[in-house]
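Colleague: I've got this one open in the viewer and would like a close look at one part of it. Could you talk me through it in one go?

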Amino acid sequence: KQKKRHMGDTNHFCPVSLKEDFVLYPGLQEHAAKYKEKIYYFSTSEYRDKFLKSPEEYVAHNEPIQAPPLRVCLLGTHGAGKSTCARQIADKLGIFHIQFEEYLQELILPKTKKKVGPPSDEDHEEDDYKMPEELKDFSQTMTKTETEKSKLEVELTDEEKAIKANLMDNTELPPEILDNIVLDWWKKDPFRSTGFILDGFPRTLDEAKYLSERGLCPDVAVYIQVQESDILDRLFPPRLKKWKDRQRKKKEYKKKLKDLKAKIRV
């Protein structure tokens, strides 16, 4: 109690990080400074020196310093139910729900026209739906439109290519691209003043280091751990339905191909 009485307005959190980055970043005793008989702790020696140059910018005056809103990182393996939990928490607390991979998809969707992801059996099955060369001229459905569409495809920027590679092959996103995506959630409104639950980020140790190096501190990091059997029960039914739909489309395609061959013979 005696120690707290002599601490500054931001308690053990760095006042410069709070003022400039709007995050509660714990200060360190080795970066402490005294101002008006109060002790302040800082996240770095640079921030301590900045405070000492103009302390009145970082201390409370007529009213207490405003604390930042809640920021949560929700982690867990694929199929653990992160998005379901995140939506419920966001609704209950009145904060934004940001699904990281969905956000990446939205950034490139205007050009890719469809969601991208890791190669799957579906990609190999596409070969089964290709029209044989001898039927191409005859078929009215396989005209110049496909070749024209491929020519009109918009070329991806370097940033969009990196995002696509990340979604397809888990290739690491470089810090400069993460800066264009992640920084706004901490530093710009409406996220800055409302708060958010970030679903599925960070996903790797490098991404966690990125947050630390940029001083982007979540107030809470939650890891959802579930049994493999629960994940299987959740993911298997929709996957099975998808497989059945593909089999149905395959049969329809084969029937159309058979009818087309019959027309050629006539």
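What percentage of the 266 residues in the protein chain is buried? After that, please zoom in on the open sheet of four strands and whatever packs around it.

Modeller: Buried residues come to 31% of the 266 in the protein chain (buried is under 20% relative accessible area, exposed over 50%, partly exposed in between, with a 1.4 Å probe and protein chains only). Keep in mind that this is a predicted model: local features need pLDDT of at least 70, side-chain atom pairs count only at pLDDT 80 or more, and totals for chains, interfaces and linings use all residues. Numbering runs from 1 along each chain as its sequence is written, and side-chain values use heavy atoms, leaving out hydrogens and water.

For the wider setting, the protein chain has 13 helices and six strands (DSSP runs numbered from the N terminus: H or I of at least four residues, E of at least two). Of its contacts between residues at least 6 apart in sequence, 71% join residues at least 24 apart (contact: heavy atoms within 4.5 Å).

Now to your sheet. The strand order is 4-5-3-6 and the pairing is parallel (strands pair if DSSP finds at least two bridges between them). Strand 4 (96–99) and strand 6 sit at the edges with a single partner strand each, so one side of each has no neighbour in the sheet. From one strand to the next, the twist averages 20 degrees. Strand 3 (residues 71–76) and strand 6 run parallel and are joined by five bridges; along that pairing, Cys-73 stands opposite Ala-221 in strand 6.

Cys-73 is also a handy way into helix 4: its C-alpha atom is 9.5 Å from that of Ala-86, 13 residues away along the chain. Ala-86 belongs to helix 4 and is buried because its relative accessibility is 0%. Beyond its neighbours within four places in sequence, Ala-86 touches Leu-74, His-97, Ile-197 and Asp-199. Leu-74 falls in strand 3 (residues 71–76), His-97 in strand 4 (96–99), and both Ile-197 and Asp-199 in strand 5 (196–199).

Helix 4 has another side to its story. Ile-89, also in helix 4, counts as partly exposed because its relative accessible area is 31%. Ile-89 joins Leu-70, Leu-93, Val-220 and Val-222 in a nonpolar surface patch of about 340 Å² (nonpolar side chains over 30% relative accessible area, without a salt bridge, joined within 5 Å). Helix 4 (82–93) and strand 6 (220–224) each give that patch at least two residues.

Over at strands 4 and 5, helix 5 (residues 100–112) lies across both, at about 70 degrees to strand 4 (axes are lines fitted to C-alpha atoms, for helices over the stretch in contact, with angles from 0 to 180 degrees between N-to-C directions). Helix 5 has a tie further out, too: Lys-111 meets Glu-160 in a salt bridge, 2.9 Å from N to O (a Lys or Arg side-chain nitrogen within 4 Å of an Asp or Glu carboxyl oxygen). That pair connects helix 5 to helix 9 (residues 158–169), 49 residues apart. Lys-111 is partly exposed because its relative accessibility is 27%, while Glu-160, at 15%, is buried. Glu-101, inside the 100–112 span of helix 5, is linked with Arg-203 and Glu-207 in a network of salt bridges. A search of the whole structure turns up 13 salt bridges.

Note on methods. Patches are made of residues with over 30% relative accessible area and no salt bridge: like charges are joined within 9 Å, nonpolar side chains (Val, Leu, Ile, Met, Phe, Trp, Tyr) within 5 Å. Accessible areas come from the Shrake-Rupley method with a 1.4 Å probe; for residues, only the protein chains shown count as cover.
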